[in-house]
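Reader: I should like to examine the assignments made in this model and the criteria behind them. Please show the structure before we begin.

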Amino acid sequence: MTADGCADLHLHTNRSDGSYEPAELVRLAHKLRLDAIAVTDHDTVAAVEEAVAEGERLGLRVIPGVELSTLYGDADTHIVGLFVDHTNAELLELIGRAAEERRRRLVRITELLSENGIDVSAEEILDEAAGGTVGRVHLAEALMKQGTTNSISEGFLRYLGKDRPAFVEKWSPAPEECCRVIHRANGVAVLAHPGDFIDEAKVKGLIDAGCRALEAYYPGYSRAVTETYLRLAGELGVGVSGGSDCHGRRKKKRFLGTVRVPLEHLDDLERRCG
Ligand code: AMP
Ligand code: ZN
Ligand code: FE
Ligand code: FE
């Protein structure tokens with residue numbers, strides 16, 4: 001694998017729904033000869049300190065990040081914050097609120113499962129997550145572990161997905177609030193995985209809401225899709241980011257280092273912070 005000046009700026013650890021310990025992820029990135037990575041767990045910065053420390057030990061640049069869920073219209077939309085100050089009070093307040101809502105939702109989903117004759121313990125999932133972000137992936141895993149389903153996707157198809165019997169909408173802050181908080185924490189807000197179907201109106205809407213960059217490099221994006229987003233970012237005057245969205249063993253198709261962002265974009269993103 002070639003590795004000249006490349007970064008992977010979208011990664012998850014087991015502090016949300018990835019499978020790697022933060023330090024383990026950093027060691028793997030080092031082995032894959034990445035020059036920089038960003039740790040971007042869903043609605044939490046719990047992995048940042050451990051990952052940054054391991055990066056310092058190995059001489060690998062680790063950028064503190066977060067991936068916030070928001071709604072654009074009624075579509076679940078993700079905004080990545082890069083270079084955030086992970087001790088910023090407003091950021092911690094926002095993700096604390098999101099975490100509380102996620103815990104409440106987890107309990108509500110287990111109640112709905114119970115009404116459908118399936119017993120899953122919310123307490124066990126919360127204990128195992130040890131304060132990390134919990135979501136439907138954890139529930140899908142619990143269903144699989146107890147033999148109710150045979151795969152994560154079966155859990156979504158039968159119970160957890162939209163219009164299924166145990167679906168519960170997730171509370172999310174508005175995109176404007178996500179971007180404002182990321183910038184006040186000295187970071188840069190990036191529209192995550194805008195999609196291989198290029199919806200320019202949606203991209204523009206989210207840039208109007210405050211996003212200062214978009215992910216042009218993402219698993220499954222053809223060269224043509226990436227080129228289109230690079231051009232669009234240039235036209236709109238925003239930066240470019242991307243990454244593998246690696247979740248470790250939990251989503252094997254999106255693996256660390258399989259999407260590589262040229263380092264020049266990283267310098268540009270840093271200039272857009274705050
Ligand atoms: P949550 O934030 O709790 O609503 O969970 C959303 C996560 O569930 C997404 O990030 C996806 O990774 C995962 N997910 C959504 N739909 C499916 C599906 N059909 N199969 C597997 N994973 C899914
Ligand atoms: Zn995820
Ligand atoms: Fe995402
Ligand atoms: Fe992600």
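**Criteria and assignments**

Reader: Why is His193 called partly exposed?

Author: His193 has a relative accessibility of 24%. Buried means under 20% relative accessible area, exposed over 50%, and partly exposed in between (1.4 Å probe, protein chains only); His193 at 24% is therefore partly exposed.

Reader: What makes His78 buried?

Author: The relative accessible area of His78 is 13%, which is under 20%, so the term buried applies.

Reader: On what basis were such values computed?

Author: This is a predicted model, in which local features need pLDDT of at least 70 and side-chain atom pairs count only at pLDDT 80 or more, while totals for chains, interfaces and linings use all residues. Residues are numbered from 1 along each chain as its sequence is written, chains are lettered from A and ligands numbered from 1 in the order in which they are written, and side-chain values use heavy atoms, with hydrogens and water left out.

Reader: Why are Glu67, His78 and His193 called donors of the iron ion (ligand 3)?

Author: Donors are N, O and S atoms within 2.8 Å of the metal (3.2 Å for Na, K and Ca); water is not among the atoms, so sites may look incomplete. Glu67 (OE), His78 (ND1) and His193 (NE2) lie 2.1 to 2.2 Å from the iron ion (ligand 3), so these protein atoms qualify. His78 and His193 are 115 residues apart.

Reader: How far is the iron ion (ligand 3) from the zinc ion (ligand 2)?

Author: The separation is 5.9 Å.

Reader: How do you know that strand E1 and strand E2 pair?

Author: Two strands pair if DSSP finds at least two bridges between them. E1 (residues 6-11) and E2 (residues 36-39) have three bridges in the parallel sense, so they pair. Leu11 stands opposite Val39 in E2.

Key
Helices (H or I, at least four residues) and strands (E, at least two) are DSSP runs, numbered from the N terminus.
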